[in-house]
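Hi there,

Here is the structure I promised to pass on to you. Have a look at it first, and then read my notes below.

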Amino acid sequence: MRNRPKKDASSNSNSNSNSTSNQETTSGGKGTADSNNNNAAAAVTVKRSSYAILALFVLVIYGAWGVYHYQFDTLPSPMSLQQVGKRGFSEHEAMKHVQALTQLGPHSVGSESLERAIKYVANVSETIKTSAHWEVDVEVDLFHVKSGFNGLVGGLFKGKSLVYSDLNHVVLRIMPKYASEAGENAILVSSHIDTVFAGEGAGDCSSCVAVMLELARGVSQWAHGFKNSVIFLFNTGEEEGLNGAHSFISQHPWSDTVRVAVDLEAIGIGGKSGIFQAGPNPWAIENYASVSKYPSAQIAAQDVFTSGAIKSATDFQVYQELAGLPGLDFAYADNTAVYHTKNDKLSLLKPGSLQHLGENMLAFLLHAGASSTIPKESDTYSSEDKAIYFDILGMYMITFRQRLANMLYNSVIMQSLLIWTTSVLMGGYPAAISLALSILSIVLMWIFSVTFSVSAAFVLPLVSSSSPMPFVASPWLVVFLYGGPALIGALTGQHIGYRALESYLARSFVERKRSLPASWQPSVAKLDAERWIYKAGLLQWLVLLMVGNYFRVGSSYLAFAWLISPAFAYGLLEATLSPSRLPRQLKTVTLLVGSFVPFVLSSGMVIRLVATLTGTTVRLVRNPGTTPDWMGNIVIAVFIAAVVCLTFVYLLSYIHISGAKMPIIITASILFLISLVAVWGGVVPPFTEDTARAVNVVHVVDATKTGGENIEPVSYISLFSTTPGNLIKEANEIGEGFVCGKNRHLDFVTFYANYSCWTNKNAEKGWFESDIPTIQVDKDLKGDNRETQISIDTKDSTRWSLGINTVEIEDFQLKDAETNEELIPLGEKSSVDGWHIIQFSGGRNSPTKFKLSLFWLNSGTHMKIKDGVKNEGFVLKLRTDVDKLTPPIETVLRKLPEWCSLFGKSTSPHTLAFFISLPISF
């Protein structure tokens with residue numbers, strides 16, 4: 001414990017401070033010496049208790065977990081229909097719908113199980129219609145879409161044209177019976193019935209559909225007092241590229257009445273369904289904030305999602321881009337590793353998840369339905385109207401607009417710059433050098449923290465024999481594997497800067513404070529250095545606030561909180577206007593008071609982001625074999641190092657004069673080594689049955705031709721993974737003669753696999769040559785405006801992807817060969833890496849014969865030349881998918897390890913895929 005003076009700086013009265021100052025002024029050197037002696041007596045003891053520092057770390061760890069648990073894990077109790085009545089939301093009733101839908105198994109577009117799911121939703125909708133309040137009008141529309149063209153260009157849709165056919169949706173509209181004007185303004189609530197072929201979709205998104213059905217039941221008892229209608233859209237085709245939402249907006253007559261759109265989604269299973277996108281009009285988020293019982297919303301999640309860090313898209317993109325609608329986008333985000341795998345199952349859906357979303361949404365719909373201020377089609381809004389929003393512990397929700405944020409941020413930035421500039425000018429050259437060295441300590445903190453954490457990321461794949469990412473099933477491991485090295489690095493780097501600053505201040509005091517006893521100068525320098533390091537943390541957050549404010553980053557409020565609160569605490573409890581006072585130890589209460597608000601605002605969200613990021617590593621590799629195994633580790637390591645440097649910067653400044661440096665380093669090192677040994681020894685498995693590795697098993701029939709000659713198709717079973725790491729263990733577990741490596745480059749049109757495993761065993765079974773699609777040139781008009789007419793027959797496949805070489809082809813047009821209906825019109829089309837991709841999906845009555853018109857570029861190369869050798873390229877490459885289990889696929893899936901699961905997305909092939917192409921020189 002440090003020795004305390006009889007009167008410290010905080011307890012001295014103003015009269016004492018003034019008398020001390022006057023004494024210096026009137027008594028010359030003697031007065032100064034006496035004052036310095038008094039202050040130095042309080043400052044010479046610079047040893048802070050190690051136990052106090054360790055207690056602070058324990059408080060941070062337990063506090064962060066407590067905030068996360070309260071903010072994201074605490075769910076309301078499921079309610080029965082008897083408890084809530086016919087006007088309330090019952091999870092028990094909603095769960096009946098989830099059970100009914102998941103019992104159907106995977107229900108992807110074109111499957112019989114999807115038709116049964118649609119029929120179930122339609123039947124429940126009819127039941128809601130018959131039981132509605134007598135003054136409420138409920139309409140059920142079974143909306144069939146013959147065909148459509150989804151030409152979205154943003155995000156994942158760049159370089160693509162999405163065509164859909166034979167889709168069926170259930171649309172339910174609820175409005176007051178005797179207020180027909182309510183039908184002119186509608187609130188749309190939307191989700192999708194279809195799932196990927198790999199899982200039953202309990203989370204994505206049978207849970208959303210179930211919530212909507214139960215909401216519709218409740219709303220049908222309230223809507224007689226509404227001024228607006230509510231439309232529930234149960235769409236299909238979302239998993240194939242947001243086609244359901246697109247078809248409704250572009251073709252359904254009720255879409256013109258929609259003023260606000262709410263999308264329900266999932267990137268995991270269960271937990272709290274939070275808002276991760278809102279706007280652009282702030283009406284929806286502001287009204288939600290005013291009525292939600294258990295608010296869960298973070299604009300930081302919106303910043304992450306819209307940045308492209310998470311490669312995904314939702315129907316909300318259609319509602320915003322195509323229809324220009326404001327609204328809200330919800331998502332379940334617990335256990336993101338199960339997304340689109342077999343483990344998106346009912347048994348992992350947490351009790352209370354549906355109750356949480358249902359009660360929030362019911363309150364919002366009742367409020368919005370009765371509102372007379374709903375946005376109109378003619379309303380305009382600017383970027384200044386963007387809403388900044390976040391919840392506090394899942395209990396309260398704060399919203400304010402960008403206009404107010406600009407005022408607050410600019411005011412704080414200007415005042416901070418003024419204070420820093422004035423401080424440096426008044427302090428002169430020593431202050432400028434001290435500031436530079438304190439900034440150096442922050443820079444070194446970042447360099448060492450990132451370096452140490454990234455080094456651990458490189459070591460981990462070498463140690464773990466089973467997977468380069470052994471923490472997927474146990475996300476808490478990243479705290480020790482990366483958090484430990486990051487903390488050691490941050491402390492080491494900042495301490496090096498601290499020692500350099502301390503050394504300079506000690507030399508400076510010899511010149512500036514000659515009356516100070518030489519024995520006290522080192523101690524005073526340490527205390528002054530401690531304060532400079534603390535203030536450098538303020539400067540770090542000031543820079544982040546300036547950058548965030550310049551780019552209008554919504555989550556800049558976090559930088560604002562991490563700057564204002566610690567600065568206020570420092571100014572209130574530490575700063576003094578008397579230049580004669582020597583620096584004292586920073587008070588522990590300063591750290592506690594200053595960090596409390598930003599800690600509560602950010603700690604739970606940081607843990608959620610780390611968990612989400614860790615879960616997404618299961619599907620990190622878009623093109624297997626092209627991403628180094630350590631890449632995912634690097635991303636997580638850098639993120640955790642950034643979190644440590646940003647949030648621990650103030651706490652670390654307290655450690656340098658304590659004896660806790662070595663205990664912290666030793667403890668973090670031991671925890672890191674124990675975790676490393678556990679990974680090396682296989683004590684903690686990287687994957688489990690409930691948190692599986694994402695793989696694809698595809699029976700490939702390759703009929704690709706390179707020069708127009710007739711060749712026999714090649715057939716084999718391919719095994720590849722979107723999860724980093726080799727597949728040797730999985731291949732050995734399966735057997736069946738699999739060979740793994742990069743010897744076979746697989747071009748699946750929508751992606752390619754440089755690393756895979758393959759076997760030819762029984763590959764000739766389960767398909768016929770008549771199943772192979774055909775590409776036939778009907779007419780080729782050569783010349784300056786070359787045009788080629790192509791016939792394509794996809795045989796039994798109603799899900800296919802066609803790549804068009806945009807180095808050769810300037811434009812194209814696609815038509816249904818049977819009806820001559822134009823599916824893709826002529827016009828400007830984007831490309832990626834020289835290819836434009838058509839993705840087609842539809843129901844069982846979709847067309848399978850097409851006419852494609854190609855319009856060539858006059859400057860096309862018509863061949864590829866590499867090292868002076870002509871190498872024929874392709875103008876078209878086609879992959880057709882069939883959702884069929886051939887005998888060899890059934891064998892492989894039966895032997896597939898329990899820690900593996902098939903993974904599905906819009907670009908993934910089904911279990912049987914056919915390849916064919918058209919050479920440039922056909």
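What follows is a short tour of confidence, one helix and one threonine.

This is a predicted model, in which local features need pLDDT of at least 70 and side-chain atom pairs count only at pLDDT 80 or more, while totals for chains, interfaces and linings use all residues. Residues are numbered from 1 along each chain as its sequence is written, and side-chain values use heavy atoms, with hydrogens and water left out.

The average pLDDT (the predictor's confidence in each residue, from 0 to 100) is 91 for the chain, and 92% of the residues score at least 70. Over residues 1-43, however, the pLDDT is below 50. Residues 864-871 also stay under 50.

Now to helix H5, residues 112-131 (helices are DSSP runs of H or I with at least four residues, strands are runs of E with at least two, and both are numbered from the N terminus). H5 has 20 residues and spans 29 Å from its first C-alpha to its last, close to the 28 Å expected at 1.5 Å a residue (that is, 1.5 Å times one less than the number of residues). Its buried residues (under 20% relative accessible area, with a 1.4 Å probe and protein chains only) include Leu-114, Ile-118 and Val-121. Among the elements covering them are helix H4 and strand E1.

Finally, Thr-759 lies in strand E15. Thr-759 counts as buried because its relative accessibility is 5%. A polar atom of its side chain lies 2.6 Å from the backbone oxygen of Glu-736.

Happy exploring!

Definitions and conventions: Buried < 20%, exposed > 50% of the residue type's maximum accessible area, 1.4 Å probe, protein only. Polar contact = N/O pair within 3.5 Å; in protein donor to acceptor, adjacent residues only side chain to side chain. Contact = heavy atoms within 4.5 Å.
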